[in-house]
Amino acid sequence: MDNMNNNYNNQNGYQQDKYPQQNYPQGTYQQTYYQQDMYQQPYNQGNLQELDNKATMAMVFGIIGIFFAGIVFGILALVNANACKKAGFSNGKVTAGFVLGIIDLAALVVYTMLAFVVFGSVIMAAAGSM
């Protein structure tokens with residue numbers, strides 16, 4: 001009977017006597033604690049919702065500023081986007097609001113320069129016809 005068990009174990013590869021399991025000592029694991037920066041506000045659900053609302057406002061103000069009152073809405077878009085970035089919150093809406101705010105202010109500069117050129121040429125043409 002003993003021989004038959006050995007043959008069965010040899011055929012199927014189950015020889016546990018040959019390689020006994022060794023007991024290794026357990027190491028001590030010390031938990032490290034994450035210390036949050038004292039200047040960074042912790043994210044809670046209300047804070048995330050508020051920051052997401054500011055990001056949405058930045059994007060909307062940037063879009064409105066392209067079509068109407070670019071100086072006002074461009075500055076509002078930049079202020080809201082920067083508030084989100086300072087709080088460590090950044091997503092596509094924050095980036096879009098920041099970029100659109102810059103585009104609003106750059107377009108305002110271009111429109112102002114264009115107005116001076118057109119106004120100056122109108123004055124020069126009126127002065128030349130007299």
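Helix pairs whose axes form an angle over 145 degrees count as roughly antiparallel. In this predicted model, helix H3 (residues 70-86) packs against helix H4 (residues 92-128) at an angle of about 150°, and the two axes lie 8 Å apart. H3 and H4 are therefore roughly antiparallel to each other. The crossing of H3 past H4 is left-handed.

The contact between the two helices involves Gly70, Ile71, Phe73, Gly74, Ile75, Ala77, Leu78, Ala81, Asn82, Cys84 and Lys85 on the H3 side. On the H4 side, the residues are Val94, Gly97, Phe98, Gly101, Ile102, Asp104, Leu105 and Leu108. Sorted by class, the contact of H3 with H4 comprises 12 nonpolar, 5 polar and 2 charged residues.

In soluble globular proteins, nonpolar side chains tend to be buried together. The largest nonpolar core in the model consists of 7 residues, namely Leu51, Ala55, Ala58, Ala81, Cys84, Phe89 and Val94. Helix H2 (45-67) and H3 are the elements that each supply two or more residues to this core. H2 provides the largest share, with 3 residues.

Ala58, one of the core residues, touches Ala77, Asn80, Ala81 and Gly97 when its neighbours within four places in sequence are left aside. Of these contacts, Asn80 is located in helix H3. Asn80 has a relative accessibility of 11% and therefore counts as buried, the limit being under 20%. With its own neighbours within four places in sequence left aside, Asn80 is in contact with Lys54, Met57, Ala58 and Phe61.

Technical notes. Residues are numbered from 1 along each chain as its sequence is written. This is a predicted model: local features need pLDDT of at least 70, side-chain atom pairs count only at pLDDT 80 or more; totals for chains, interfaces and linings use all residues. Side-chain values use heavy atoms; hydrogens and water are left out. Axes are lines fitted to C-alpha atoms, for helices over the stretch in contact, and angles run from 0 to 180 degrees between N-to-C directions. Helices (H or I, at least four residues) and strands (E, at least two) are DSSP runs, numbered from the N terminus. Angles under 35 degrees count as roughly parallel, over 145 as roughly antiparallel, 65 to 115 as roughly perpendicular and the rest as oblique. A crossing is left-handed if the near helix is turned anticlockwise from the far one by less than a right angle, and right-handed if clockwise. Contact means heavy atoms within 4.5 Å. Ala, Val, Leu, Ile, Met, Phe, Trp, Tyr, Cys and Pro count as nonpolar, Asp, Glu, Lys and Arg as charged, and the others, Gly among them, as polar. A nonpolar core is a set of buried Ala, Val, Leu, Ile, Met, Phe, Trp, Tyr and Cys residues joined through side-chain atoms within 4.5 Å. Buried means under 20% relative accessible area, exposed over 50%, partly exposed in between (1.4 Å probe, protein chains only).
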